[in-house]
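This report describes selected local features of one protein model. The sequence and the structure are shown first, and the description follows.

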Amino acid sequence: DKKPGAPNIIGRASPLIGFDFGTSYTSAAVYDNGFTLIEGEDGEIQMPSVVSFPSADWTMIGSKARERMSSEAQWTITSPKRLLGRPYKDPKVALQLGGLAFKTFAGSDKFARFEAHGEIYSVGDICSMILKEMKERAERMLGTKIKRAVFAVPVSHGSIQRSALELAARQSGIEVVGLLTEPSASVLAHGIRGRKGTVAVYDFGGGTFDFCVLKVRETAFQVLCAGGEPWLGGDDFDTVLANHISELFQKQTGIDLRTRAVELQALLFACEGAKRELSSNSNADLRLGDLVFTSEGKKGLRYRLSRRQFNKLTAHLIKKSLLISEKVLAQAGLKASDVDTVVMSGGTSLIPMVRERVAEFFNLKPLVGEPDLAVVKGTALRA
């Protein structure tokens with residue numbers, strides 16, 4: 001049976017659904033005289049893009065997998081989207097894999113492979129598990145089979161990454177009938193149609209940053225220029241925090257957590273939580289008990305981080321996003337002052353300092369809405 005309040009699509013042949021397969025979180029939605037966001041059994045509408053392998057015959061996906069980051073990081077994979085369609089020897093890929101506790105190697109196709117309990121998985125396998133879990137949630141909630149979907153993709157994703165996504169979707173039982181860039185999805189979700197002028201879309205997600213300039217007319221919009229950085233996102237804010245705290249911990253104990261993959265993953269997990277807390281609070285406490293076992297006994301970590309410290313540590317990441325924005329504007333023959341409306345999307349746009357810097361850069365108050373849901377709503381509208 002479909003969930004009460006779900007759209008009236010029972011009996012329709014495979015309704016089209018919109019997917020936002022994100023670096024940090026995955027979500028899906030349908031539009032039928034209003035948005036219906038696909039929920040898990042616990043009401044969760046954003047499923048962590050995390051897969052964990054407690055044993056050879058047991059796979060965990062989503063929040064339960066993410067919880068294992070603090071205890072079973074050696075069997076847990078996060079942010080697989082960043083690796084999709086990228087060669088194993090890509091320096092950025094090597095950097096991300098270096099922080100994983102998994103055994104990794106290059107397959108015959110030169111893309112990454114993971115080994116867990118004697119089983120070998122490709123990046124596409126991991127991504128398809130996440131997509132299949134969300135597909136099954138949608139089928140339970142809507143009471144009908146899901147076979148086709150529209151997917152959002154970063155501007156920076158080329159043909160190889162797009163083909164890899166389509167293959168992972170097909171492996172999960174989903175036919176990709178449309179690909180929509182994430183900034184375009186954000187524009188659709190914010191109801192820009194009916195407005196006029198030059199619109200800039202600043203899309204700062206968990207793993208990628210996209211910037212797009214559009215000319216909007218009453219019934220349509222035209223993309224003037226777009227660009228982005230596939231290795232700039234919320235994950236990098238977590239890494240900066242983890243590096244800072246690792247340095248302090250090393251000074252106190254002589255132990256460098258950055259050389260210990262399992263402990264580093266636990267710290268990154270805690271740093272993401274602190275980052276989220278600082279979006280609404282002025283301070284956040286990181287506590288990791290029994291983090292390291294040494295000959296002298298157990299050593300834990302406690303650290304209080306202020307929003308002011310966080311802003312100082314991560315200012316260069318925001319600056320980088322604005323430099324990319326400036327470059328894209330210049331390619332369109334525009335300056336920040338030529339922009340009439342700024343739309344912000346992506347979960348990293350929830351960080352107060354990001355919003356402040358964007359407002360200063362454009363001298364405009366951005367349209368924010370629900371930045372972490374704008375992309376999935378846009379894909380649902382297109383679907």
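Arginine 258 and glutamate 247 form a salt bridge in which the closest N and O atoms are 3.6 Å apart. The pair links distant parts of the chain: arginine 258 belongs to the loop between helix H6 (234-253) and helix H7 (261-277), whereas glutamate 247 is in helix H6, eleven residues apart. A salt bridge is here a side-chain nitrogen of Lys or Arg within 4 Å of a carboxyl oxygen of Asp or Glu. Helices (H or I, at least four residues) and strands (E, at least two) are DSSP runs numbered from the N terminus.

The model is predicted: local features need pLDDT of at least 70 and side-chain atom pairs count only at pLDDT 80 or more, while totals for chains, interfaces and linings use all residues. Residues are numbered from 1 along each chain as its sequence is written, and side-chain values use heavy atoms, with hydrogens and water left out.

**Salt bridges**

A search of the whole structure finds 19 salt bridges. Three of the pairs are tabulated here.

| Arg partner | Acidic partner | Closest N to O distance |
|---|---|---|
| Arginine 113 | Aspartate 109 | 3.1 Å |
| Arginine 258 | Glutamate 247 | 3.6 Å |
| Arginine 276 | Glutamate 272 | 3.4 Å |

The burial classes used below are buried (under 20% relative accessible area), exposed (over 50%) and partly exposed (in between), computed with a 1.4 Å probe and protein chains only. Arginine 258 has 31% relative accessibility, so it counts as partly exposed. Glutamate 247 is also partly exposed, because its relative accessible area is 41%.

In the pair of arginine 113 and aspartate 109, the arginine is buried, with a relative accessible area of 16%, whereas aspartate 109 is partly exposed at 37%.

Arginine 276 and glutamate 272 are four residues apart in helix H7 and are therefore separated by about one helical turn. Arginine 276 is partly exposed, with a relative accessible area of 44%, while glutamate 272 is buried at 10%. Elsewhere, Glu44, Glu133 and Arg137 are joined into one network by salt bridges that share partners.

**Cysteines**

With a disulfide defined as a pair of cysteine sulfur atoms within 2.5 Å, a search of the whole structure finds zero disulfides. Cysteine 212 is accordingly in no disulfide, and the nearest cysteine sulfur, that of cysteine 225, is 8.3 Å away. Cysteine 212 is buried, with a relative accessible area of 1%. Cysteine 127 is buried as well, with a relative accessible area of 0%.

**Serine 172 and glutamine 222**

Serine 172 is placed in the loop between helix H4 (159-171) and strand E12 (175-181). Its relative accessibility is 5%, so serine 172 counts as buried. A polar atom of the serine 172 side chain lies 2.6 Å from the backbone oxygen of alanine 169. Contact is taken as heavy atoms within 4.5 Å. Apart from its neighbours within four places in sequence, serine 172 is in contact with Ser128, Leu131, Lys132 and Lys135.

Glutamine 222 lies in strand E15 (residues 221-229) and is partly exposed, with a relative accessible area of 40%. When neighbours within four places in sequence are left aside, the contacts of glutamine 222 are Val213, Leu214, Lys215 and Arg217. Glutamine 222 and methionine 344 are 122 residues apart in sequence, and their C-alpha atoms are 18 Å apart in space.

**Positive phi values**

Serine 79 has a phi near 50°, a positive value in a residue other than glycine. Serine 79 is located in the loop between strand E7 (76-78) and helix H2 (91-98) and is buried, with a relative accessible area of 8%.

Histidine 117, although not a glycine, has a positive phi of about 55°. Histidine 117 lies in the loop between strand E9 (112-116) and strand E10 (119-122), and at 29% relative accessibility it counts as partly exposed.

**A nonpolar surface patch**

Tyr31, Phe35 and Leu381 form a nonpolar patch on the surface, with about 250 Å² of accessible area together. Patches are made of residues with over 30% relative accessible area and no salt bridge, with like charges joined within 9 Å and nonpolar side chains (Val, Leu, Ile, Met, Phe, Trp, Tyr) within 5 Å. Accessible areas come from the Shrake-Rupley method with a 1.4 Å probe, and for residues only the protein chains shown count as cover. Tyrosine 31 is in strand E2 (residues 25-31) and counts as partly exposed, because its relative accessibility is 41%.

Conventions: Polar contact = N/O pair within 3.5 Å; in protein donor to acceptor, adjacent residues only side chain to side chain.
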